[in-house]
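Biologist: I've got this one open on my screen and I'd like a close look at a single helix and whatever you can tell me about the sheet as well. Could you take me through it at your own pace?

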Amino acid sequence: MHRPSRKLHLDGRPVNWIGVNFWSRAGGPRMWDEYDGEVIDAELAQMRDLGISLTRSFFYWPDFMPTAVALDEQKVEHYRDFLDRHTKHGMTTIPTFLVGHMSGENWDPAWRDGRDLYSDIRFVGRQAWYIRELGARFADHPAVAAWLLSNEVPIYGDQKSGGHGRNDAEVITAWAQILIDALRAGGAHQPVSIGDGVWGVEVSGSDNGFRVRELAPLIDFHGPHVYRMETDSVRQNLAAAYICELLDIGELPVVVEEFGLTSDYVSPDNAASYYRQVLHNSLLAGATGWLAWNNTDYDHLADRAPYSHHPFEMHFGITDAHGTPKPQALEMRAFAELAERIDMPGLERPDANAAIVVSSFLEAKYPFLDSVDAGFVLTTTRQAYIAAKEADIPVGVAREADGLPDDLALYIVPSSKQLLATTWTFLVEQARRGAVVFASYFVGDNGSQRGLWWPDVDGMFGVEKRTRYGIVDLLDDDELQVEFVQEFGGIPAGEVVVIRPAGSPLSRTYLPVEPTDAEVVAVDGRGRPILLRRRVGSGWMVLATVPLEYFAAVLPEANPEPTWRVYDGLADLAAVPRPIRVDDPRVMCAEMVHDDGSRYAWFVSQSPEPLDIQPRLESGTLRDLDGADVATLHLKPYDVAVVHYEK
């Protein structure tokens with residue numbers, strides 16, 4: 001399975017964008033009305049010194065278009081000066097047009113008069129005119145790297161709902177097409193995207209009308225905005241990465257268009273760790289650009305909206321209000337220096353021989369479904385992704401909606417209530433040809449059609465299910481002591497792992513079975529089969545009778561947890577190549593290959609404590625970037641080490 005690391009290109013060469021979202025400390029969102037070119041010049045110079053070569057900039061809409069038929073020419077000239085200063089410092093920027101939402105407030109142009117943003121033909125026409133005119137003014141400026149239509153327009157269009165369940169996707173797509181056509185009509189030739197945050201149904205399970213699949217043919221890159229709040233440190237550190245994995249749609253590059261944190265929420269050292277984790281994990285998930293939110297703090301604007309009512313928004317900067325770099329700024333610089341040293345744009349991810357299966361029920365509009373189920377597809381597959389990373393499995397993310405690849409040794413179907421009947425047929429056939437297919441039981445967390453939607457569980461897995469109609473079998477154990485009663489891949493017989501059941505009474509369940517032609521691999525303390533396998537052709541169908549990934553996904557601070565050990569055994573059973581491994585699940589290994597043939601290994605710690613690790617290699621040696629042999633890596637808390645891997 002190919003795992004993409006698609007790139008944007010400049011003059012025919014691949015590039016990485018390492019940048020910041022930019023408002024000057026001289027005015028914040030009102031910087032164009034209070035324009036101070038000298039302050040901005042110093043801010044850009046400092047960003048460049050920190051390794052930042054790109055900004056994302058904003059046409060504050062009420063300022064730039066004071067009437068329905070005119071631009072503010074003074075503001076336009078301020079922006080031209082802003083671009084010229086980028087060129088002076090060897091920087092580029094991404095102009096963003098429809099800036100009516102920013103940092104906890106929505107602002108309308110004075111002449112909007114309540115018109116619908118997407119469907120009022122006169123208002124859409126005025127938006128198109130505005131974008132065409134501004135695009136034409138700056139289309140040939142060397143400082144323009146790309147364009148964005150908007151800033152988080154779903155929550156500008158509908159503050160309360162963000163458009164979820166309200167927007168008509170056909171109207172949204174037509175709106176985007178009209179505005180992009182207007183931009184191109186003005187002569188703009190650089191890449192373009194929406195700026196919507198990429199919060200569509202394909203990555204959230206909830207439809208806000210901004211459907212990634214329908215917008216992909218119109219744009220040149222995906223630009224997710226990721227500010228998740230989690231209950232588990234590892235889920236937090238890999239949240240942006242998993243969104244990048246899910247955005248393998250339309251063969252487009254992925255730019256993490258917004259990520260970051262406010263210093264009001266986090267200590268300086270933990271801010272640095274978070275930046276480090278997001279940058280490296282999303283690179284390893286295929287991202288090609290990173291734009292932190294944002295360049296500076298705004299303490300002196302505390303009496304102005306949005307900072308007066310959202311004061312934490314003042315402190316998202318990578319520098320403080322006096323221009324002093326924060327620890328996260330140093331992480332950006334270190335990442336930029338690494339990118340330069342290893343020629344990061346030339347890196348690709350190796351192909352994968354294992355994949356997490358993402359049910360099409362995340363995004364498809366099948367009839368008579370409960371919307372709750374879609375959300376669990378996201379949470380359980382993300383937990384499976386974490387467990388696979390903890391087991392150092394080079395894993396891909398395969399969407400059922402796109403058709404599953406037929407070249408894998410291992411298919412992981414994690415806590416999935418629903419797949420299409422044809423997909424189950426496909427998976428059994430893959431087992432017949434030699435693959436390992438793993439599925440864990442899950443009945444969802446709602447009262448509708450409680451039971452497995454899997455056809456012929458008994459036949460596929462060699463068991464007789466002992467379930468009752470309309471009644472789920474509850475687990476009232478606080479812990480399951482699960483013992484492997486036979487060797488399973490690299491797991492010896494007699495090993496015990498502890499699983500913590502979690503969830504509501506509807507979902508904290510197990511599947512009672514009796515084996516027919518399946519082998520029991522592991523049992524709990526009551527002797528109930530927890531893991532079974534059945535030989536099918538030259539491969540295996542493997543069943544977990546408890547929803548391992550779901551339990552972990554709903555538990556706070558769960559990771560690492562024993563699912564990684566099961567996946568470790570699955571990978572050995574399937575003979576999945578794992579060139580680099582670490583025995584400690586708190587350190588995740590990954591490999592990237594340069595187009596000149598050189599290889600690099602990443603070691604990403606998820607530990608709050610220092611660790612010394614000795615990597616295991618199938619072959620070859622590790623050397624640091626200065627050429628010295630590496631046998632032991634000394635990792636600080638949440639540290640990342642990058643070394644040469646010579647096979």
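**A capped helix and the sheet**

Modeller: Let's start at the N-terminal end of helix α9, where D232 acts as the cap: one of its side-chain oxygens sits 2.9 Å from the backbone nitrogen of V234. Bear in mind that this is a predicted model. The helix itself covers residues 233-246, and at 1.5 Å a residue its 14 residues should span 20 Å; the C-alpha atoms at its ends are 20 Å apart, so the expectation and the model agree. Don't picture a perfectly straight rod, though, as α9 bends by about 45 degrees at A239. As for its surroundings, 13 of its 14 residues are buried, so α9 is largely enclosed by the rest of the structure.

Now for the sheet. It is an open one of 8 strands with parallel pairing, and the order runs β9-β8-β5-β4-β3-β12-β11-β10. The edges belong to β9 (192-193) and β10 (225-226); each has a single partner strand, so one side of each has no neighbour in the sheet. For β10 that partner is β11, which it joins in the parallel sense through 2 bridges, with H225 matched to E258 of β11.

Step inwards and you reach β12, residues 289-293, which is worth lingering on. In a regular strand, side chains alternate between the two faces of the sheet. Here both faces are covered: G289, L291 and W293 are buried on one side, and W290 and A292 are buried on the other. That makes 5 of the 5 residues buried, so β12 too is largely enclosed by the rest of the structure.

What flanks it? On one side, β3 (residues 17-21) pairs with β12 in the parallel sense over 5 bridges, and W293 is the bridge partner of N21. β11 (residues 255-259) also runs parallel to β12, joined to it by 3 bridges, and there F259 is partnered with A292. To get from β11 to β12 the chain passes through helix α10 (residues 268-284), and that β-α-β crossover is right-handed.

One last stop, in helix α1 (residues 37-49), which is where you'll find I40. With 1% relative accessibility, I40 counts as buried. Beyond its neighbours within four places in sequence, I40 touches F22, S24, M31, Y35 and F82. I393, by contrast, lies 353 residues from I40 in sequence and 46 Å from it in space, C-alpha to C-alpha.

Conventions:
Residues numbered from 1 in each chain as written. Predicted model: local features only at pLDDT ≥ 70, side-chain atom pairs only at ≥ 80, totals over all residues. Heavy atoms only, no water. Buried < 20%, exposed > 50% of the residue type's maximum accessible area, 1.4 Å probe, protein only. Helix = DSSP H or I, 4+ residues; strand = E, 2+ residues; numbered from the N terminus. Pairing = 2+ DSSP bridges. Right-handed = clockwise from strand over helix to strand, strands pointing away. Expected span 1.5 Å × (residues − 1). Bend = angle between axes of the 7 residues up to and from the residue. Polar contact = N/O pair within 3.5 Å; in protein donor to acceptor, adjacent residues only side chain to side chain. Contact = heavy atoms within 4.5 Å.
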